[in-house]
Amino acid sequence: MAPEDDFVMTIESDDESPSEPTKATNTKSQVNPDADFAQLNPEFNFSISGDALEAITLGDGGLTSGSASQKLEPVSIDDIISRRRSKLPKKRKRQTSVSEDEGDEEDQSAPASDSEEDPLVTDEEADEEGGSEPEEEEEISSENESSLDGSDEETQAEKDRKAAFFSEAEPSEAHSSFLTMNLSRPILKALTSMGFSTPTPIQAATIPVGLLGKDVVGNAVTGSGKTAAFIIPMIERLLYRERGKRAAATRCLILVPTRELAAQCFEVGTKLAAHTDIQFCLVVGGLSVKAQEAALRNRPDVVIATPGRLIDHIRNSPSFTLDALDITVLDEADRMLSEGFHDELTEIIRSCPPSRQTMLFSATMTDSVDELVKMSLNKPVRLFVDPSRATAKGLVQEFIRVRSGKEEERPAILVTVCKKLFKSNVIIFYRSKKLAHQMRIVFGLLGMSCEELHGDLTQEQRLKALRAFRDGQADYLMATDLASRGLDIKGVTTVINYDMPNDLAQYLHRVGRTARAGKKGRSVSLVGESDRKLLKAAVKRSSGADSVRHRVLAAEDVAKWVQELEELKGEVADILKEEKEEKQLRRAEMELKKGQNMIEHEEEIYSRPARTWFQSTKDKAKSAVLSKQAHEAGSDGLGKAKAKTGPDENKRKRDKYAGLTRRAKRRKMAMEEDADDGKAVDAAVRAAKKAARPAKIGEPERRPPGSKKSRDKKNAKTKVGGSGRGSAFGQELGQSAKREGVRAKKGVQTGLGNKKVGKRRTRR
Ligand SMILES: Nc1ncnc2c1ncn2[C@@H]1O[C@H](COP(=O)(O)OP(=O)(O)OP(=O)(O)O)[C@@H](O)[C@H]1O
């Protein structure tokens, strides 16, 4: 099993945007049967209350919106493995159980904790055991290290640009309690019920600035509570919004790179807003478009979305608009600003009003002006509470060397450490989906309970796997980088990197799935010769010298598993073959049902207005390639990725019509003209939506444009707010915050218990 064969970056393949034809007219030949098939259940009831994951699993009817009879069960690899396992020769089964017993003994006598008791075998010990060769202490050159960890030396010019770009952080009161932060009673109540007694450093820094309506660029280590840091000020501001049917609007948008993260954010948001009337809505790929349209028609206050599906709604859901947005948040912002999301982000930002407040967060946040300018931030406050690109304090990082020429031993090394030491609550990261799947089969055959999470699975399978792992039904989660960012799974004790990612940022996110919220955790990384620069960068960023270990495994243990896995190879291949055949069979069945469906519902399908798509299949493929290149280059930033793809881009522009026949050229030109017309139509639709949009948070109801009152209001707003950005909030909460801050200082027990939301409004 050569892992290099299938190193395919996977997070980009977490398709969020529809990969359908660019332009669809309402002619039969251009109707997309898949899209329509996916909308055939108008009765579907989308429940977003309660557990977000519950709401979006197929079990609740929410994923593809097909009726129960149309659903086809995905192939269950578990069934195939257990069927095959029962047929394994008796000798093999005995070997497996013996190995398990050995492992148990070993684990009891050598807990994977600190100091002398640590099962870490030193180089010398390994030698004595006749194990591996002595490890030479190689000096790792720091040359090009900065390209891995993004720590390029800052020039004076860049420093000056940053000084001009960012706002000076104003000295603010150090908050050691939520009670001094001027938060409303419903939020304090929710914080208490969630067990959040004191704010984390990033929360203490962000909440007061967020409440002032200022733009924020925030950085803090993984698991430090960034989600609540941006949701709390958002909810507080929303408590002062205009109410009533006419004023209902989507005022806040949280953009995240993956569906799972969106669901998690939704859960945190709904919990924090449990004692308010604020409505949240989850808008992600893999869910019923129709159900989301219905939810969006109610104008939820906060939309939590992945980019592709959001764009789909901006374009195709008539009543949905972002024109009333007051707050936009980009979680995992460095990822969202990277080349992979460039086109989507540009399209979304175009649909947002420039007056919004913008907050960007990540554990590996960039403060490079070049990368931040496209968010058109207004004098953002830089809140970097932890050293740039650091690991969490409770994390112990272990590294296992994989010598050159021994790369094929990775699976055996992995099985050795899992059988002996790390037996539950383990996430194992792989660079490729294929490898994650293969190792899942191997683990299954060895009787180790595991799930997999990557972009080759259906949304239902992804969520089911996540839930099984969360609930402790599976000990191991085989994941790709799809799961590396943001996921907060309680009780994860170990993260294993089967292979190292390409850059330090990705490494930090992966290992950040453990040691969260002040807990302890361990990461174990298999380091090949080509990963040594990254290893050095990781060691440099560790929280302390004693938090880094070099683990050497006894050679005979590894050799035993090399032998056993070799014997399993044929079995794995057979399982993969059987799975492939079953999949093909299901696909054929699905095509048949789809055909039947098209015949049965033909009239309804073709009478619907056709959807337009943000990117054609070709564009999307191009985007994916760019994203993959950026990822492989270890570049988070637009600039760096551009440098790599620039020449190609120019070439493509010059050759736009080259090589085409006259007919093809005319056709292409006509299509481009059509697209331009489409833009004009889009602009008209946007203008109409804008005219109908409700007032912003705290603003009175909109007057028709041109009316005297409307003009007066505009002038007044510009005067008070200076720039006019977020001025309604500036007048209302900014002043209120000052007032309340004084009150809090005077020692009145926050005064929030007695405060009524309505009171503040009447003061305006
Ligand atoms: N004030 C607090 N007190 C106690 N626990 C908290 C507090 N704030 C957040 N947490 C908990 O900390 C954990 C991590 O929070 P969160 O997922 O927001 O981290 P994060 O900084 O966004 O991590 P990542 O960078 O990996 O996305 C969660 O389980 C959350 O419930």
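The following dialogue explains how to read several features of a predicted model.

Biologist: What should be known about the model and its numbering before reading on?

Modeller: The model is predicted, and local features need pLDDT of at least 70, side-chain atom pairs count only at pLDDT 80 or more, and totals for chains, interfaces and linings use all residues. Residues are numbered from 1 along each chain as its sequence is written.

Biologist: How many helices and strands does the protein have?

Modeller: Helices (H or I, at least four residues) and strands (E, at least two) are DSSP runs, numbered from the N terminus. The protein has 29 helices and 14 strands.

Biologist: What share of the protein counts as buried?

Modeller: A residue is buried if 20 or more other C-beta atoms, placed from the backbone, lie within 10 Å of its own, exposed if 12 or fewer, and partly exposed in between. Of the 764 residues, 43% count as buried. In helix α18, 13 of the 13 residues are buried.

Biologist: Why does the span of α18 agree with its number of residues?

Modeller: The expected span of a helix is 1.5 Å times one less than its number of residues. For the 13 residues of α18 (residues 433-445) this gives 18 Å, and the end C-alpha atoms are 19 Å apart, which agrees. After α18 comes Gly-447, with a positive phi near 75°.

Biologist: Which residues other than glycine have a positive phi, and where are they found?

Modeller: Most residues other than glycine have a negative phi. Asn-182, with phi near 70°, is a residue with a positive value, and is found in the loop between α7 (156-165) and α8 (185-194). Asn-182 counts as buried because 24 C-beta neighbours lie inside 10 Å. Arg-299 also has a positive phi, of about 50°, and lies in the loop between α12 (289-297) and β4 (302-305). With 20 C-beta neighbours inside 10 Å, Arg-299 counts as buried too.

Biologist: Which domains does the assignment give, and how many residues of each are in contact?

Modeller: Domain bounds come from an automatic or database domain assignment. This assignment gives domain 1 (178-384) and domain 2 (395-573). Their centres, taken over C-alpha atoms, are separated by 31 Å. Two residues are in contact if their C-beta atoms, placed from the backbone, lie within 7 Å. By that criterion, 17 residues of domain 1 are in contact with 15 residues of domain 2. On the side of domain 1 that touches domain 2, α11 gives the most, with 4 residues.

Biologist: Where does the ligand lie, and what surrounds the ligand?

Modeller: A residue is near a molecule if its C-beta atom, placed from the backbone, lies within 6 Å of it. The ligand is surrounded by 18 residues, and the closest are Phe-196, Gly-225, Lys-226, Thr-227 and Ala-517. Both domains give residues to this shell, so the ligand lies between them. Helix α10 (residues 226-238) supplies the largest share of the shell, 3 residues.

Biologist: Which residues touch the most other members of the largest nonpolar core?

Modeller: A nonpolar core is a set of buried Ala, Val, Leu, Ile, Met, Phe, Trp, Tyr and Cys residues joined through C-beta atoms within 7 Å. The largest such core has 145 residues, and those touching the most other members include Ile-235, Ala-262 and Leu-477. The largest share of this core, 8 residues, comes from α10. Leaving aside neighbours within four places in sequence, Leu-477 is in contact with residues including Ile-428, Cys-450 and Phe-469.
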